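Here are a few exercises to work through with the model open beside you. Try each task before you read its solution.

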Amino acid sequence: MGKVWFGVLIGGVLGIVDGLTSWFTPAVRAQLAGIVMGSTFKGALAGAVAGWFARRVNSVPLGILVGLAVGLLLAYGVAAMQHGYYFEIMLPGSLVGAIAGYATQKHQTS
């Protein structure tokens, strides 16, 4: 599996986990399905960018930084649309990107 598709897969799975953490915010529990779908897409996109970067640059610290930046940027966009919950949205979103950046750099293509 290539680095880009691996990034999409790992980012999507981590995005599902990210979205499910919104259950801990009682005010948004009614919107859980939409949040999980959006977080999955956001994670898959961050993973794809991290995988694309990993194909071109072989540097774990830079890969983590790129993943973190993309995840943070996407999460900020979602938080800005909500006009709130910045910390609750941006922290897990940036962690998803950072983990996807690390995983794509370490993934060995066959």
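Trp5 is exposed, at a relative accessible area of 62%; Trp23 is partly exposed, at 43%. Keep in mind that this is a predicted model.

**Exercise 1. Sort the aromatic residues and describe how their rings pair.**

Solution. Start with how many pairs there are: the count comes to two aromatic pairs. One of them joins Trp23 and Phe24, with 5.4 Å from centre to centre and 80° between the planes. Planes over 60 degrees apart count as edge-to-face, so that is the label for Trp23 and Phe24.

Next, look at exposure. The cut-off for exposed is over 50%. Phe24 has 63% relative accessibility, so Phe24 counts as exposed, while Trp23 with its 43% is partly exposed.

Now take the other pair. The ring centres of Tyr76 and Tyr86 lie 6.1 Å apart with the planes at 35°, so this pair is tilted. Tyr76 belongs to helix H3 and Tyr86 to helix H4, ten residues apart, and the pair links distant parts of the chain. Tyr76 is partly exposed at 44% relative accessible area, and Tyr86 is partly exposed at 35%.

One last stop at Trp23: the charged end of Arg29 sits over the Trp23 ring, 4.1 Å from the ring centre.

**Exercise 2. Find the salt bridge and say which parts of the chain it links.**

Solution. As background, side chains of opposite charge can pair when their charged atoms come close. Searching the whole structure turns up one salt bridge. Its partners are Lys42 and Asp18, and their closest N and O atoms are 3.6 Å apart. The cut-off is 4 Å, so the pair qualifies.

Then place the partners: Lys42 is in helix H2 (residues 32–56) and Asp18 is in helix H1 (residues 3–20), 24 residues apart, so to speak a link between distant parts of the chain. Are these two buried or exposed? Both Lys42 and Asp18 are buried.

**Exercise 3. Check the length of H2 and list what is buried along it.**

Solution. H2 has 25 residues, and at 1.5 Å a residue they should span 36 Å. The C-alpha atoms at the two ends of H2 are 36 Å apart, which agrees.

For the second part, the buried residues of H2 include Val36, Ser39, Phe53, the glycines Gly43, Gly47 and Gly51, and the alanines Ala44, Ala46, Ala48, Ala50 and Ala54. Lys42, from the salt bridge, is on that list too. What covers these buried residues? The cover includes H1, helix H3 (60–82) and helix H4 (86–106).

H1 also brings us back to Trp5, whose place is in that helix. The C-alpha atoms of Trp5 and Gly47 are separated by 8.3 Å, though the two are 42 residues apart along the chain.

**Exercise 4. Describe the chain as a whole.**

Solution. Count the elements: there are four helices and zero strands. Read from the N terminus, the order is α-α-α-α.

Then try the overall dimensions. Along the principal axes, the C-alpha trace spans about 45 × 20 × 15 Å. A compact globule of 110 residues would have a radius of gyration near 13 Å, and the chain has 14 Å, which agrees.

Finish with burial and contacts. Of the 110 residues, 43% count as buried. Among contacts with a separation of 6 or more, 70% come from residues 24 or more positions apart.

Note on methods: Residues are numbered from 1 along each chain as its sequence is written. Side-chain values use heavy atoms; hydrogens and water are left out. A salt bridge is a side-chain nitrogen of Lys or Arg within 4 Å of a carboxyl oxygen of Asp or Glu. Buried means under 20% relative accessible area, exposed over 50%, partly exposed in between (1.4 Å probe, protein chains only). The expected span of a helix is 1.5 Å times one less than its number of residues. Contact means heavy atoms within 4.5 Å. Rings of Phe, Tyr and Trp (its six-membered ring) pair if their centres lie within 6.5 Å; planes under 30 degrees apart count as stacked, over 60 as edge-to-face and the rest as tilted. A charge sits over a ring if NZ of Lys or CZ of Arg is within 6 Å of the ring centre and within 35 degrees of the ring normal. The radius of gyration is taken over C-alpha atoms; the globule rule is 2.2 Å times the number of residues to the power 0.38.
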